Amino acid sequence: MHLSEITHPNQLHGLSIRQLQQIARQIRDKHLQTVAATGGHLGPGLGVVELTLGLYQTLDLDRDKVIWDVGHQAYPHKLITGRYNHFHTLRQKDGVAGYLKRCENKFDHFGAGHASTSISAGLGMALARDIKGENFKVAAIIGDGALTGGMALEAINHAGHLPNTNLLVVLNDNEMSISPNVGAIPRYLNKMRLSPPMQFIKDNLEEQVKQLPFVGESLTPELERIKEGMKRLAVPKVGAVFEELGFTYMGPVDGHNLEDLIATFKQAHKIPGPVLVHVATTKGKGYEIAEKDKVGYHAQSPFNLTTGKAIPSSTPKPPKYSKVFAHTLVKLAEQNPKIIGITAAMATGTCLDKLQAKLPKQYIDVGIAEQHAVTLAAGLAAEGMRPVADIYSTFLQRGYDQIIHDVCIQNLPVFFCLDRAGIVGDDGPTHQGMYDIAYMRCIPNMVMMAPKDEAELQRMTVTGVNYTKGPIAMRFPRGNGYGVPLMEEGWEPLEIGKGEILRNGDDVLMIGYGSMVNSTLQAAEILSEHGIEATVINARFCKPLDTELMFPLAREIKRVVTLEEGCLMGGFGSAVAEALLDADILVPIKRFGVPDVLVDHAKPDESKAELGLTSPQIAQRILKAFFSNQPSAVV
């Protein structure tokens with residue numbers, strides 16, 4: 001059978017080990033060819049090919065539910081659930097999503113973009129099943145890195161107290177999240193994987209048992225239980241932890257041995273109550289380059305399959321915002337030992353690996369644990385340190401309660417750096433940094449700023465590190481800067497709450513925030529071609545607003561436009577509108593930003609065009625809103 005013929009996972013039923021191995025090779029080939037062409041996540045999916053096939057052969061996917069943690073490891077799942085013929089559209093506009101989406105396929109039982117959610121969702125489905133008197137299996141697949149997230153441990157704690165609720169948790173243990181895992185739990189798992197008694201049992205026990213009379217090639221359920229029991233006796237620590245929490249523990253199982261996987265899953269399905277199967281896998285399995293560089297090949301832009309090297313851009317690009325930020329932070333940290341950079345398992349994505357390499361004592365990786373990261377930063381600040389919590393906008397949402405209670409109420413000087421703010425592109429709705437302006441600006445004591453370019457990012461980094469009156473946040477976009485000149489040192493901090501005028505005009509006041517300032521200037525130039533002259537302000541700060549600068553101009557010009565790369569509801573434009581209204585400045589205002597929609601996966605420019613946020617679209621919308629009756633304005 002060819003992979004292209006599989007449109008339903010139940011077609012795996014009855015296939016031999018050899019046939020499944022052939023399917024596994026085809027999955028890896030398709031996976032590699034597609035990601036090499038489109039870009040996407042590489043190592044996670046390659047590591048779970050056999051796990052997926054082995055589990056799915058033991059389930060009836062017309063009834064049973066599988067919930068994946070972090071959808072980027074589910075590419076093999078997508079390839080055997082009817083998406084083979086469209087897989088070449090991976091992460092492209094209107095194509096196959098890079099994560100799980102309930103609306104995309106009936107076998108995507110629960111959407112997943114962030115980590116540590118699968119056990120909670122799976123337990124909810126299992127409880128619903130029992131309440132309704134139904135009878136189907138629920139399997140939650142979670143990576144070992146996701147166990148550092150408190151939500152996963154909360155779910156394990158709850159499930160373990162429900163001995164009559166059948167739930168299978170499959171622990172995909174590859175010693176990695178994106179970077180190598182940190183913390184006590186991964187260390188325990190690693191001990192178990194590598195312990196000499198466990199290796200001896202894995203290599204010898206089963207073969208020895210098969211030599212006994214009347215046993216032969218297959219183990220009876222009783223002997224399987226004996227084997228599992230002897231494993232737990234040999235290495236009790238980790239197995240005992242899960243057993244004490246109420247789970248029946250099985251493993252570790254070789255995650256690339258289909259025969260062992262199928263036998264283990266079949267046995268696990270027969271055990272009542274919550275069961276955890278520990279599967280040891282290799283991230284990037286089957287592609288030697290990815291196996292050797294598990295961090296670098298977690299995800300890739302389009303690359304050459306033979307060499308593994310990224311396909312170079314036709315023209316050199318300016319440095320990425322993340323790199324400029326990290327470089328600046330390292331320079332500052334060299335001069336100030338109180339600066340501590342904090343990441344939540346995103347060292348390479350945030351470029352804080354540069355700080356780790358240069359000043360390891362001033363670097364902390366907490367794992368996938370954003371709530372802990374925020375309160376850890378609060379504790380550091382309480383003791384006079386200068387914590388810099390560098391977390392993606394979409395992931396910081398997980399620490400919202402801690403931002404309010406542990407940082408802002410206590411007015412502690414934590415510097416939040418929100419990477420990937422705004423439209424992020426191919427990763428889709430779960431990763432768009434749309435909401436940070438709205439969810440941060442409503443909290444007392446918080447200061448918020450966003451740079452117009454990478455040089456201003458340097459100055460804002462200095463501003464954030466030097467600000468000691470309370471919490472301060474800086475948002476900046478994914479991707480490259482504009483190529484403006486950078487400084488190596490001597491950066492001056494900005495005055496809190498002060499913007500700047502970039503262009504003067506009498507017809508319309510345009511106030512841009514952060515990544516939209518450049519588009520604001522471009523739109524102003526287009527308007528000028530139609531005889532409309534705009535004053536353009538780079539707001540710099542969303543909170544506090546520079547009302548001393550904005551109010552007189554708004555009264556004089558009497559037409560106001562705000563521009564932001566974030567949600568309109570509660571965003572920067574709302575802040576300006578509220579301030580004008582409160583000051584009794586009743587002038588027409590037009591807000592540009594992301595309306596009340598979820599922005600799907602696409603290239604950022606494609607998303608902006610769909611949202612009406614390109615510079616020509618902005619200019620045309622302003623002409624229509626304010627100048628449609630003027631002969632000089634061509635709408």
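**Exercise 1. Which backbone oxygen lies 3.4 Å from a polar atom of the side chain of threonine 350?**

Before we start: this is a predicted model, where local features need pLDDT of at least 70, side-chain atom pairs count only at pLDDT 80 or more, and totals for chains, interfaces and linings use all residues. Residues are numbered from 1 along each chain as its sequence is written, and side-chain values use heavy atoms, with hydrogens and water left out.

Step 1. Find threonine 350 in helix 14, residues 347-350 (helices are DSSP runs of H or I, at least four residues; strands are E runs of at least two; both are numbered from the N terminus).

Step 2. Look for the oxygen: it's the backbone oxygen of alanine 347.

Step 3. Check the surroundings. Threonine 350 is buried, since its relative accessibility is 0% (buried means under 20% relative accessible area, exposed over 50%, partly exposed in between, with a 1.4 Å probe and protein chains only). Skipping neighbours within four places in sequence, threonine 350 has contacts with Ser322, Ala326, Thr343, Asp390, Tyr392 and Asp419 (contact means heavy atoms within 4.5 Å).

**Exercise 2. Work out which strands join strand 8, and whether its faces are covered or not.**

Step 1. Strand 8 covers residues 339-343, and five of its five residues are buried.

Step 2. Take the faces in turn: Ile339, Gly341 and Thr343 sit on one side, Ile340 and Ile342 on the other, and both sides are covered.

Step 3. Now the partners (two strands pair if DSSP finds at least two bridges between them). Strand 10, residues 386-392, runs parallel to strand 8 and is joined to it by four bridges; here isoleucine 342 stands opposite alanine 389. Strand 9, residues 363-365, is also parallel to strand 8, with three bridges, and threonine 343 faces aspartate 365 there.

**Exercise 3. Describe the largest nonpolar core and what phenylalanine 416 touches.**

Step 1. Start with the idea: in soluble globular proteins, nonpolar side chains tend to be buried together.

Step 2. The largest nonpolar core has 53 residues, and Phe416 is among those with the most contacts inside it (such a core is a set of buried Ala, Val, Leu, Ile, Met, Phe, Trp, Tyr and Cys residues joined through side-chain atoms within 4.5 Å).

Step 3. Not counting residues up to four places away in sequence, phenylalanine 416 touches residues including Val374, Ala389, Leu396 and Met440.

Step 4. There's also a second, separate core of 52 residues, with Phe107 and Leu168 among them.

Key: Polar contact = N/O pair within 3.5 Å; in protein donor to acceptor, adjacent residues only side chain to side chain.
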